[in-house]
Amino acid sequence: MAKLAVPLLIFFFLLSCIPSQAALPLQTPIQKDHSTSQYIITAYLKTPLKLTKLVLDLGATYSWVNCDDYISSTYQHVPCNSSIANSLSTYGCDGICDGPPGPNCRNYTFLFFPENPIKPVDYKKVNGLNAALVDYLALPNTQGSLTSINNFIFSCAQTGFLKGLAKGVTGLASLGNSNLSIPVQINKAFSSSPNCFAMCLSGSISQPGVALFGSKGPYNFLHGIDLSKSLLYTPLIFNPFGRDSDPNTHRLSPEYYVGLTAIKVNGKMVAFTKRCWPLMEAASSAFNLTTTKPVKPFSFCYPAGAVKTTQMGPAVPIIELVLDRQDVVWKMFGSNSMVRVTKKSVDLWCLGVVDGGTIDGPSIMIGGLQLEDNLLQFDLQSKKLGFSSSILSKGTNCADYKFPTRKV
């Protein structure tokens with residue numbers, strides 16, 4: 001039931017660009033923006049290639065970029081009667097554009113309806129329908145050069161779509177289960193590579209984690225550690241009724257789900273329903289700590305001085321998510337279950353579980369905090385998720401990935 005939507009100056013790089021056979025995997029840093037808790041990936045778009053920062057979204061169908069100032073010598077629209085448009089027939093087409101010609105306006109061109117997962121777009125002020133574009137996308141490869149995708153499909157958007165997103169971000173990067181997501185388009189460009197991507201989110205203020213495309217491993221981190229050897233696997237479940245799904249056309253939601261059979265806290269089974277309160281109460285009771293006045297949005301908080309810290313974060317009992325089998329267990333240590341809150345005279349550790357209410361949707365959504373310093377592998381061909389639990393137990397972290405030296 002994993003779901004993540006969660007996130008500088010733009011300047012030119014003169015890097016060598018390899019358009020065909022790539023030194024896979026392709027890879028890019030993922031930097032956490034601590035003012036918004038969003039995760040940001042960097043990619044290169046346009047001609048000439050330009051560094052672009054995009055908020056990462058594991059549940060989006062396609063990527064989008066602000067086109068109000070989009071300048072590229074190679075972008076192309078998607079004509080309504082083209083083969084690309086025919087393959088995207090569940091969206092829409094525009095006959096006459098009433099604005100000035102440009103990236104986001106052309107007659108008889110295919111349209112998308114992009115979304116901001118952080119802050120709802122005010123469609124009274126901005127047009128929700130935006131042009132589909134095709135242009136160059138490039139990412140670093142294992143040799144330190146850039147590998148390009150010549151026909152990357154994405155949506156334009158307008159400046160109003162950026163509200164609520166981290167400073168310097170100009171769009172959204174889709175890593176969802178969709179034919180238009182970045183990992184799937186990479187696989188189409190390099191079909192001999194596995195239809196697979198991995199990511200490791202870093203909680204560091206300064207050091208990024210990593211996203212890796214087109215490889216099942218090895219995933220080499222510092223100290224000679226290959227984390228591809230540390231993965232457990234569980235089936236991915238695809239939902240016909242989730243976000244951006246369309247039962248009429250059998251389009252599945254691009255979100256990723258996994259089956260959950262049980263929850264344990266400190267080795268003891270916990271009842272779970274559509275509300276998270278039983279889990280929060282059980283965890284707080286097992287912590288055997290005196291609570292203090294909580295800070296919103298959290299329900300259980302503790303004075304920081306009363307909580308010991310270890311290599312695995314705050315010294316609290318482990319929360320275990322038992323997935324499709326009893327021996328497939330995702331372990332949440334203190335670093336993934338507790339949030340440090342420091343402001344004014346307040347210094348607390350809070351249980352990082354929030355009750356989402358009774359709205360329709362999955363019983364549990366796994367957020368960015370729970371994913372930090374965990375390696376996740378999304379095998380879209382075999383439809384399974386590989387996960388490591390916290391790699392802090394192995395003496396490494398997501399900021400320890402060995403990026404190659406860039407070639408200028």
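**Entry 1: strand β9 and its neighbours**

I began with β8 and β9, and I noted that two bridges join them and that they run antiparallel. Within this pair, Leu111 stands opposite Ala131 of β9. I should record at the start that I am working with a predicted model, so I describe what the model shows.

Next I asked which residues of other strands face β9. I looked up strand β3 (residues 38–45), which pairs with β9 in the antiparallel sense over two bridges, and there I found Tyr44 standing opposite Ala138 in β9. I then turned to strand β6 (residues 76–77), which is also paired with β9 in the antiparallel sense, over two bridges, and I wrote down that the bridge partner of His77 in β9 is Leu133.

**Entry 2: the hairpin**

I followed the chain from β9 into strand β10 (residues 146–157), and I counted eight bridges in their antiparallel pairing. One facing pair that I noted here is Leu139 and Thr147, the latter in β10. The two strands β9 and β10 form a hairpin with five residues between them, and in its turn I found Gly144 with a positive phi of about 90°.

**Entry 3: buried or exposed?**

I wanted to know how many residues of β9 are buried. The model gives ten of the eleven, so I can say that β9 is largely enclosed by the rest of the structure. A residue is called buried here when its relative accessible area is under 20%.

I then looked at Leu129, which is placed in the loop between β8 (109–112) and β9 (130–140). Leu129 has a relative accessible area of 45%, and I therefore entered it as partly exposed, since that label covers values between the 20% limit for buried and the 50% limit for exposed. Together with Phe113 and Tyr123, Leu129 forms a nonpolar patch on the surface, and the accessible area of these three residues together is about 280 Å².

**Entry 4: a three-stranded sheet**

My last search was for an open sheet, and I found one made of three strands in the order β20-β26-β25, with antiparallel pairing. I asked myself why one side of β20 (301–303) and of β25 (338–343) is left without a neighbour in the sheet. The reason is that both strands stand at the edges, each with a single partner strand. From one strand to the next, the twist averages 30°.

Looking at β25 and strand β26 (residues 346–351), I counted six bridges in their antiparallel pairing, and I noted that Met338 stands opposite Leu351 in β26.

Definitions and conventions. Residues are numbered from 1 along each chain as its sequence is written. This is a predicted model: local features need pLDDT of at least 70, side-chain atom pairs count only at pLDDT 80 or more; totals for chains, interfaces and linings use all residues. Side-chain values use heavy atoms; hydrogens and water are left out. Patches are made of residues with over 30% relative accessible area and no salt bridge: like charges are joined within 9 Å, nonpolar side chains (Val, Leu, Ile, Met, Phe, Trp, Tyr) within 5 Å. Accessible areas come from the Shrake-Rupley method with a 1.4 Å probe; for residues, only the protein chains shown count as cover. A salt bridge is a side-chain nitrogen of Lys or Arg within 4 Å of a carboxyl oxygen of Asp or Glu. Helices (H or I, at least four residues) and strands (E, at least two) are DSSP runs, numbered from the N terminus. Buried means under 20% relative accessible area, exposed over 50%, partly exposed in between (1.4 Å probe, protein chains only). Two strands pair if DSSP finds at least two bridges between them. Axes are lines fitted to C-alpha atoms, for helices over the stretch in contact, and angles run from 0 to 180 degrees between N-to-C directions.
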